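Here are a few notes to read alongside the structure. They go through some helix pairs and then one helix by itself.

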Amino acid sequence: MLVLGFPEYLPQAQRLAAALNVQLQEVFLHQFPDGESLLRLPVDLPEHIVICRSLNQPNDKLIELLLCAKTAREQGVKRLTLVAPYLCYMRQDIANQPGEAVSQRIIGKILADIFDDVITVDPHLHRISRLNQAIPIDNAISLTATEEIARFLQQKFSHAVLLGPDSESEQWVAAIAKEIGFDYSVAEKIRLGDTQVEMTLADHDFQHKTVVIIDDMASTGRTLARATTLLYAAGAVEVYAAITHPLFCGDAEAHILQSGVKEVWSTDSITHASASIHLHTLLAQAVRDIL
Ligand code: R5P
């Protein structure tokens, strides 16, 4: 087995290869002036390749994955495993208007056609419960980073209140709270547009408390910022956030910082300065489990 890494995700691929005790090789990538990608794989590939690359900012990466996978197959690779801690296009799971693409189903099918196994972490599955409903292969594996986040928070705080900013986050905040014995509360959120959210805190005593907001991702940062503002208004003394996927689009970071959050920690599912919670042990175990 060999792990193949891409330039922008090499440290994570290196850590995964080290945890699996296998060799890592890098895919050579060149972008032509017109935006097309040239990709070159190492030669003499083994029968089983693990491609390690997260699919944030996905459009170019999806084409490059396709080129990579097809080239590997042409070289005789028998088994292709994708380890993509952040999986793209999982949020659009219905057509909200006639004619709208159901991206989750379409991209899921493309990945199923290319790969034998797909391993990801906390994918945004809203109306389905299993990843293989979106990626129709047996080994469509959805892991959760809750244990990693729980262990990280346990080292930082002897006690804190955890806040899930919306009903979807309850699965993660409840699991983390249970793991380390912290209290938790879940707010109600209504999203009015890409950068507009309304939120109401549940009836919970936040006075003089240290609070950590838990969510699967920060995209525009509006969810974290709104929750932080409400928590300070409710008397919290310190507000932090721990998230799985640090997408941080556009002015997200500035917006979150303005709200007064003291620090945001994330997993290394996406390369970002906040990524202090590493996932390689979790990912390596999942690769071992499918062998
Ligand atoms: C929503 O369902 C998700 O769990 C996150 O709360 C959301 O995607 C965060 O988005 P934003 O950072 O744009 O508020």
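1. Start with H2 and H3: H2 passes H3 in a left-handed crossing. Keep in mind that this is a predicted model. H2 covers residues 58-74 and H3 residues 103-114, and their axes come within 10 Å, crossing at roughly 20°. An angle under 35 degrees counts as roughly parallel, so that is how H2 and H3 run relative to each other.

2. Which residues in H2 and H3 meet? On the H2 side they are Leu 62, Leu 65, Leu 66, Ala 69 and Arg 73, and on the H3 side Ile 107, Leu 111 and Ile 114. Sorted by class, this contact has seven nonpolar residues, one charged and no polar ones.

3. Next, look at H1 (residues 10-20) and H8 (residues 280-290), which pack at about 55° with their axes 9 Å apart. That angle makes H1 oblique to H8. Here the crossing is right-handed.

4. H1 brings Arg 15, Leu 16, Ala 19 and Leu 20 to the contact, while H8 brings His 280, Leu 283, Ala 284, Val 287 and Arg 288. The class split for H1 with H8 is six nonpolar, one polar and two charged.

5. Finally, take H5, residues 170-180: Trp 172, Val 173, Ile 176, Ala 177 and Ile 180 are buried there. Looking down the axis of H5, these buried residues fall within an arc of 125°, so they line one face of the helix.

6. What covers the buried residues of H5? The cover includes helix H4 (146-156) and the strands E9 (161-164), E10 (183-186) and E13 (210-218). Just after H5 comes Gly 181, with a positive phi near 70°.

Technical notes
Residues are numbered from 1 along each chain as its sequence is written. This is a predicted model: local features need pLDDT of at least 70, side-chain atom pairs count only at pLDDT 80 or more; totals for chains, interfaces and linings use all residues. Side-chain values use heavy atoms; hydrogens and water are left out. Buried means under 20% relative accessible area, exposed over 50%, partly exposed in between (1.4 Å probe, protein chains only). Helices (H or I, at least four residues) and strands (E, at least two) are DSSP runs, numbered from the N terminus. The arc is that of the directions from the helix axis to the C-beta atoms. Contact means heavy atoms within 4.5 Å. Axes are lines fitted to C-alpha atoms, for helices over the stretch in contact, and angles run from 0 to 180 degrees between N-to-C directions. Angles under 35 degrees count as roughly parallel, over 145 as roughly antiparallel, 65 to 115 as roughly perpendicular and the rest as oblique. A crossing is left-handed if the near helix is turned anticlockwise from the far one by less than a right angle, and right-handed if clockwise. Ala, Val, Leu, Ile, Met, Phe, Trp, Tyr, Cys and Pro count as nonpolar, Asp, Glu, Lys and Arg as charged, and the others, Gly among them, as polar.
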